[in-house]
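Here is a short guided walk through a protein chain, written for someone meeting a structure like this for the first time. Keep the 3D view open and turn it as you read.

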Amino acid sequence: MHRTGYEVVRSSRPWLWTALAAAVVVGTITWVMRPEPVACRSAAPITTVITEPAPTTPSSVTTQQLPPSPPPPQIAQARFYAFSPGVACSLPDLPLDGYYVGVPTSEYADSSPCGTYVNIDGPLGSVRAQIVDRCPGCAPHQYDLSRAAFEAIANSTDGVAQIKISQVVDPDPAPELFYRVQQGSSADWIGMLFSGGGNSLRAVDLHSDAGGDWKPLHRGYDNYWTISGAGPGPFTARVTDVYGHTVEVPGITVTPGQLRYTGIRLYDPDPPPVTTVAAPPPPVVVTTVVPAPSHCNS
């Protein structure tokens with residue numbers, strides 16, 4: 001047979017083409033499924049900040065409490081009157097030429113201001129006077145002044161004067177506390193006058209030396225503190241003013257009429273200077289850097 005050149009040439013090795021095709025398929029699959037190369041990266045550093053309080057040092061210094069502030073001055077009117085020893089506050093042995101004040105009934109408050117002091121500024125001068133009496137005829141903000149007190153701030157011939165008056169807190173020098181057992185006192189009933197505290201008294205309590213609890217006394221209009229059934233004594237009295245100053249007066253016996261000075265003062269007119277406590281040091285900051293572990297993704 002003669003060849004014309006149009007016949008399909010058949011390979012005499014068909015298995016070779018099949019093997020080549022299989023190799024190509026296997027290679028493609030292998031490339032697609034190849035493992036990623038190992039990549040390692042480090043996490044950002046982790047920083048932990050720990051704040052610790054600064055160490056404190058114990059201190060034995062106690063800050064001194066400031067004395068209370070007096071109330072502001074009030075505009076008022078002073079009137080001249082003839083002072084006599086028979087005062088509502090029952091204070092004994094008052095010199096006739098002393099500086100004294102009688103307050104209106106609205107301020108007398110069951111004898112609470114008895115024995116305290118006020119500063120008075122008038123047209124001619126200033127004076128410190130003690131409240132010892134009640135003025136029944138005085139309107140609010142009107143005050144009776146003894147002759148010596150009135151003449152220190154105005155002319156006595158004027159009879160009245162415009163003033164500024166203010167309460168004194170912790171007067172200096174601190175007066176000496178004294179007491180008197182009232183006439184008629186016994187084991188069944190005791191009346192006691194306490195004065196010389198400088199400030200208004202808030203409470204008086206009595207304690208029997210034989211034992212028992214503190215017993216409160218009740219203040220009367222005449223400035224005496226009274227209690228029933230306290231016993232024969234002797235006693236210790238606890239005296240407290242309106243600003244919290246407290247003292248104890250021992251050795252009190254039921255001896256009516258005798259005036260006793262105690263040598264005790266309710267407060268110190270010259271307290272130690274106020275101690276300024278320094279601010280604590282700033283806190284100590286400790287910074288701890290914790291190394292971050294490495295993370296590898298495969």
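In which loop does P234 lie? P234 is found in the loop between β14 and β15. We will come back to this proline below. Please keep in mind that this is a predicted model.

**The chain as a whole**

The chain holds three helices and 19 strands. Of its 298 residues, 32% are buried. Its accessible surface comes to about 18600 Å², and carbon and sulfur atoms account for 58% of that. Contacts tell us about the fold too: among those between residues at least 6 apart in sequence, 73% join residues at least 24 apart.

**A closed barrel**

Look for the barrel next. Six strands form a closed barrel in the order β3-β7-β4-β6-β5-β8, and the pairing is mixed. From one strand to the next, the twist averages 45°. One pair in the barrel is β3 (residues 74-80) with β8 (residues 160-167), which are antiparallel and share six bridges. To find this pair on screen, start at I75, whose bridge partner in β8 is K164.

**An open sheet**

Now compare the barrel with another group of strands. Four strands make an open sheet with the order β12-β11-β15-β16 and antiparallel pairing. The edges are taken by β12 (215-216) and β16 (246-252); each has a single partner strand, so one side of each is left without a neighbour in the sheet. Strands β11 and β15 (residues 235-241) run antiparallel and are joined by seven bridges. Here A203 has T240 in β15 as its bridge partner.

Strand β11 (residues 201-208) also contains H207. The side chain of H207 reaches the backbone oxygen of G212 at 2.9 Å. Leaving aside residues up to four places away in sequence, H207 touches G212, D213, W214, P234, F235 and T236. So P234, the proline of our opening question, is among the residues that H207 touches.

**Two disulfides**

How many disulfides does the chain have? The count comes to two. The table puts them side by side.

| Disulfide | S to S distance | Source of the pair |
|---|---|---|
| C89 and C114 | 1.9 Å | joined by a disulfide |
| C135 and C138 | 2.0 Å | joined by a disulfide |

The link of C89 and C114 has a torsion of about -75° about the S-S bond, so this disulfide is left-handed. It ties distant parts of the chain together: C89 is in the loop between β3 and β4 (100-104), while C114 is in the loop between α2 (105-108) and β5 (117-121), 25 residues apart. The link of C135 and C138 is right-handed, with 80° about the S-S bond.

Are these cysteines buried or exposed? A residue counts as buried when its relative accessible area is under 20%. C89 is at 0%, so it is buried, and C114 is buried as well, at 7%. In the other link, C135 is buried at 2% and C138 is buried at 10%.

**A buried asparagine**

N223 sits in the loop between β13 (218-219) and β14 (224-228). Its relative accessibility is 1%, so N223 counts as buried. Not counting residues up to four places away in sequence, N223 touches C89, L91, S111, C114, M192, L193 and F194. Both cysteines of the left-handed disulfide, C89 and C114, are in that list. The side chain of N223 also reaches the backbone oxygen of C89 at 3.2 Å. S111 is 112 residues away from N223 along the chain, and yet their C-alpha atoms are separated by 5.3 Å.

**Backbone details to look for**

Most residues other than glycine have a negative phi, and most peptide bonds are trans. With that in mind, a few places in this chain deserve a look. The peptide bond from G233 to P234 is cis, with omega near 0°. Another cis peptide bond joins D172 and P173, where omega is about 5°; P173 is in the loop between β8 and β9 (178-181).

Which residues have a positive phi? S90 is one of them, with phi near 65°, and D93 is another, with phi near 55°. S90 is in the loop between β3 and β4, and D93 lies in that loop too. S90 is partly exposed, at 23% relative accessible area, whereas D93 is exposed, at 64%.

Definitions and conventions. Residues numbered from 1 in each chain as written. Predicted model: local features only at pLDDT ≥ 70, side-chain atom pairs only at ≥ 80, totals over all residues. Heavy atoms only, no water. Pairing = 2+ DSSP bridges. Helix = DSSP H or I, 4+ residues; strand = E, 2+ residues; numbered from the N terminus. Axes fitted to C-alpha atoms, helices over the stretch in contact; angles between N-to-C directions. Disulfide = S-S within 2.5 Å. Buried < 20%, exposed > 50% of the residue type's maximum accessible area, 1.4 Å probe, protein only. Contact = heavy atoms within 4.5 Å. Areas by Shrake-Rupley, 256 points an atom, 1.4 Å probe, with all protein chains shown as cover. Polar contact = N/O pair within 3.5 Å; in protein donor to acceptor, adjacent residues only side chain to side chain.
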